[in-house]
Amino acid sequence: MTSFSELGSPSPGSAAWRALLALAVVFVLLATTGWTAVRSHAGASNPLSASVDAWRHGTLGGRALPDPYGSPRTLSRWFDSLTKAQTDRLVRRYPLTVGNLNGAPVALRYRANRVALAQARTAERKRMDDPRLTPLGRADAAQRMHRYQDLLRAGRQIFSFDPSGAGRAAEVFGDLAHANRVSIVVPGVDTNILTFEKTGRPYTATVGMARALYENERSHAPDIKTAVIAWADYTSPAGIGMDAATGKLAAQGAVRLRAVVNALPSLSRVSLMCHSYGSVVCGIAARDLPPKVTDIAVAGSPGMRAAHVSDLGTSARVWAMRDSGDWIEDIPHLEFGGLGHGADPLSSGFGARVLSAAGADGHAGYFEPGTTSLDNFARVGIGAVTSVSCGNGDDCTAGLR
């Protein structure tokens, strides 16, 4: 780690100058947001942990249940050995566990999460009238109740759900169990159960991003079996504070991202579409992702915790885009004492394939229908990589077939 004595009298443009600039940014963050922006669901226990603990002590047919964190392949084989009556019993007893279990059949996860969402909705309805809560607490309960009601609408495929804390969820568009191509949308800061989808500016939220991507992929390749996952199943930073400037939450998210990728059908080809802080998650996850991940595309990235594409340790193609009006261009792209996320993925020295983001209009507009940025994401997702639109004069399709 660089010390202050080593910085000397830095000149503009030097590494030391950039390090001091990064420190200045951090001090501004501390002054305006504090060391961390605490985000919690007041009074809530951890229902998912309680469900997993009950699973660990449970039995089925007189035999202990398998390790919920075992390999997806082992868990898949175990589920295949069960009767419908047995899986029905598991869904009734442990809906949160089954709904989040990598290795459980996709359709069973959807069904279990409907049960878990219905239970969570009932709990929030009770909280709405709880006199022990403040008006703010009752308003939070009402917001959550309505969000759970939305997620329970017919036809929605909720792949994971956790009401604990600020809440996490993932939703699938398409037939995931039989998809040949799977795209996973990994969002950035301020992603939680209440911001998972939005009525106003829908394409700035995870659900809207994924739905737009799925529709674009289908329009380009109606004969390809595609699926898109709106993956808000990690704890993201709340606001642009210290959590957003470090990699702690990204590292935790990377573990969860690897787990879901490893649980996807083995014959599918997977692309990661990573926005903002989500690109930090994808950068950390990259090294241990399986070969079925063919592409990692980032937009509005603060960095991927790497100095060069080769540092990511992945065989996947790495793509990067940024709108000319995206404010993230102005942040210091460096890593200093654990703060910051490394080189700018759009820099010539990083080595990513640069895509056009035409039409994106700022930091949150990359998935807006009609934009070149969304079109490029879709072409990467369906494997039509030779037909993408390059940016910054980059020959981004060089060497591709």
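In this predicted model, helix α8 runs from residue 135 to residue 151. Its 17 residues reach 25 Å from the first C-alpha to the last, which is close to the 24 Å expected at 1.5 Å a residue. A good way to get to know this helix is to look at the residues that are hidden from solvent. The buried residues of α8 are G137, D140, A141, A142, R144, M145, R147, Y148 and L151. Their cover includes helix α7 (106-128) and strand β3 (157-162).

A second helix worth finding in the structure is α9, which spans residues 206-220 and packs against α13, residues 372-381. The axes of these two helices lie 9 Å apart and meet at an angle of about 65 degrees, and the crossing of α9 past α13 is right-handed. On the α9 side, the contact is made by A212, L213, N216, E217 and H220. On the α13 side, the partners are L374, D375, F377, A378, R379 and G381. Sorted by class, this contact between α9 and α13 brings together 5 nonpolar, 3 polar and 3 charged residues.

Stepping back to the whole chain, the model contains 13 helices and 10 strands. Of the 401 residues, 54% count as buried. The fold also links distant parts of the sequence: among contacts between residues at least 6 apart in sequence, 68% join residues at least 24 apart. Finally, the accessible surface of the chain comes to about 17,800 Å², with 53% of this area belonging to carbon and sulfur atoms.

Conventions:
Residues numbered from 1 in each chain as written. Predicted model: local features only at pLDDT ≥ 70, side-chain atom pairs only at ≥ 80, totals over all residues. Heavy atoms only, no water. Axes fitted to C-alpha atoms, helices over the stretch in contact; angles between N-to-C directions. Helix = DSSP H or I, 4+ residues; strand = E, 2+ residues; numbered from the N terminus. Left-handed = near helix turned anticlockwise from the far one by under 90°. Contact = heavy atoms within 4.5 Å. Nonpolar A, V, L, I, M, F, W, Y, C, P; charged D, E, K, R; others polar. Expected span 1.5 Å × (residues − 1). Buried < 20%, exposed > 50% of the residue type's maximum accessible area, 1.4 Å probe, protein only. Areas by Shrake-Rupley, 256 points an atom, 1.4 Å probe, with all protein chains shown as cover.
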